[in-house]
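This briefing is meant to be read alongside the model, with the sequence at hand. It takes up helix geometry and charged pairs, then the pocket, and then the nonpolar core.

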Amino acid sequence: MNNERQIQDEDLMDVAQDPEQAHRLRKALKTLADNPNVGGKLQEMAKEVLSGRIGMKDAIATPTYMDALGDRIGEMRRAAENQTQAERESSREQFAAWQKKQEEQEDKERAERDGPSGTIVTTPRHGRGGSGHRH
């Protein structure tokens, strides 16, 4: 996928509710595409969407891709059901640490995307008559 065209967040706005959700979806697809443990139809779908060869709406409507997603979710559910209490607690702790790291990374990426905030006026604006309230 190195030399292939890659879609941008904006290309997912037909299925995303806002730019932030589009960004997260593209990141999730990239994770699926780049993780050798995913494999199969799920990884194929992520690569196809990221390259722009298939739209996300079409991928969602493709039974083989949705079956692969359902199978993966089933595997995850079964693995979670078979965990001991100690494994569950460890997983929760690992997830909390991972989630914190992801949030920090997303905040950093958001700041980079939105650019410097030094030009934003932070003083209160006054409306007509100087009261600051709309009439």
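Helices here are DSSP runs of H or I with at least four residues, numbered from the N terminus. On that basis Lys41 and Glu44, being three residues apart in helix α2, are separated by about one helical turn. The model is predicted, and local features are reported only where pLDDT is at least 70, with side-chain atom pairs counted only at pLDDT 80 or more.

**Salt bridges**

- A search of the whole structure finds eleven salt bridges, and the pairs below are among them.
- Side chains of opposite charge can pair when their charged atoms come close.
- In helix α2, the side chains of Lys41 and Glu44 meet in a salt bridge with an N to O distance of 3.5 Å; Lys41 is partly exposed at 40% relative accessibility, and Glu44 is partly exposed as well, with a relative accessible area of 32%.
- In helix α4, Glu75 and Arg72 are likewise three residues apart, and so about one helical turn separates them; their side chains form a salt bridge at 3.7 Å, N to O.
- Both partners of that α4 pair count as partly exposed, Glu75 at 41% relative accessibility and Arg72 at 26%.
- The side chains of Arg26 and Asp9 form a salt bridge at 2.5 Å, N to O, and this pair links distant parts of the chain, with Arg26 in helix α1 and Asp9 in the segment before α1, 17 residues apart.
- Arg26 counts as buried because its relative accessibility of 19% lies under the 20% cut-off, and Asp9 is also buried, with a relative accessible area of 10%.
- Glu20, Asp107 and Arg110 are linked in a network of salt bridges.

**Largest pocket**

- Rolling a probe the size of a water molecule over the atoms shows where empty space is left.
- The largest pocket holds about 360 Å³ of space, and of the 16 residues that line this pocket, Leu32, Leu42, Leu69, Arg72 and Met76 are the closest to its centre.
- Four helices, α1 (19-34), α2 (40-51), α3 (56-60) and α4 (63-81), each supply at least two residues of the lining of the largest pocket.
- By class, that lining is made up of 13 nonpolar, two polar and one charged residues.
- Leu42, one of the residues closest to the pocket centre, has its place in helix α2 and counts as buried at 5% relative accessibility.
- Leaving aside residues up to four places away in sequence, Leu42 touches Leu32, Ala68, Leu69 and Arg72.
- Leu42 and Asp71, although 29 residues apart in sequence, are 9.6 Å apart in space, C-alpha to C-alpha.

**Nonpolar core**

- In soluble globular proteins, nonpolar side chains tend to be buried together.
- The largest nonpolar core has 17 residues, of which Leu12, Leu29, Met45, Val49, Met56 and Ala59 touch the most other members.
- Helices α1, α2, α3 and α4 each supply at least two residues of this core, and α2 gives the most, with five residues.
- Met45, one of those core residues that touch the most other members, is in contact with Leu29, Met56, Ala59 and Tyr65, not counting residues up to four places away in sequence.

Key: Residues are numbered from 1 along each chain as its sequence is written. Side-chain values use heavy atoms; hydrogens and water are left out. On a 1 Å grid over the protein atoms alone, a cavity is a set of points where a 1.4 Å probe fits but cannot get out, and a pocket is an open set with protein on both sides within 12 Å along at least five of seven lines; lining residues have an atom within 4 Å of a point. Grid points are joined across faces, edges and corners, and a volume is the space filled by probe spheres set on the points. Ala, Val, Leu, Ile, Met, Phe, Trp, Tyr, Cys and Pro count as nonpolar, Asp, Glu, Lys and Arg as charged, and the others, Gly among them, as polar. A salt bridge is a side-chain nitrogen of Lys or Arg within 4 Å of a carboxyl oxygen of Asp or Glu. Buried means under 20% relative accessible area, exposed over 50%, partly exposed in between (1.4 Å probe, protein chains only). Contact means heavy atoms within 4.5 Å. A nonpolar core is a set of buried Ala, Val, Leu, Ile, Met, Phe, Trp, Tyr and Cys residues joined through side-chain atoms within 4.5 Å.
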